[in-house]
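The following note is addressed to a colleague new to this structure. It sets out points on the pairing of charged side chains.

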Amino acid sequence: TATTTSTMSESGNNGRESADVCDELEEFCRSDSLSEEGLRELFERHGLTPNNDNALISDNYEFFRYACRNERVTEGIIRCLLEYFPAAANATNVFGWTPLHYACYNKNMTR
């Protein structure tokens, strides 16, 4: 029973941690502080690794769309996000748009 309780507790904490990571990532991608360096720091702080499409991310990569619509987005930011979440390139929203559609329409997109 003690083992079961411990596992449930850890699972609950992971669920909360998952939500915290998603919230922080979404907030950062919407912010005026968006930068490639900042993203890499956030990933490192939360132990996210490249090319794993981490199970913590459960919002269909909405944070990626926020980044692509952000006036501070750069090619480096998009490459960084794709490095960590490659499946996001094909993730569509209710309009059938991927994050990269939004990047293409962002007049501020820079290298």
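**Note on the salt bridges**

1. Glutamate 36 is partly exposed, with a relative accessibility of 31%. The model under discussion is a predicted one. The side chain of glutamate 36 forms a salt bridge with that of arginine 40, at an N to O distance of 3.3 Å. Arginine 40 is likewise partly exposed, its relative accessible area being 29%.

2. The two residues of this pair both belong to helix H2, where they stand 4 residues apart, so that about one helical turn separates them. The pair does not stand alone: Glu36, Arg40 and Glu83 are joined in a network of salt bridges.

3. Helix H2 takes part in a further contact, in which the side chains of glutamate 24 and arginine 45 meet in a salt bridge of 2.2 Å, N to O. Because glutamate 24 lies in helix H1 (residues 2–30) and arginine 45 in helix H2 (residues 36–45), this pair ties together parts that are 21 residues apart in sequence. Glutamate 24 counts as partly exposed at 26% relative accessibility, whereas arginine 45 is exposed at 52%.

4. Glutamate 62 and arginine 65 form a salt bridge as well, with 3.1 Å between the closest N and O atoms. These residues are 3 apart in helix H3 (residues 62–69), and are therefore separated by about one helical turn. Arginine 65 has a relative accessibility of 0% and counts as buried, since the cut-off for that class is under 20%.

5. As to the total, the count of salt bridges comes to 7, with a side-chain nitrogen of Lys or Arg required within 4 Å of a carboxyl oxygen of Asp or Glu.

Key:
Residues numbered from 1 in each chain as written. Predicted model: local features only at pLDDT ≥ 70, side-chain atom pairs only at ≥ 80, totals over all residues. Heavy atoms only, no water. Buried < 20%, exposed > 50% of the residue type's maximum accessible area, 1.4 Å probe, protein only.
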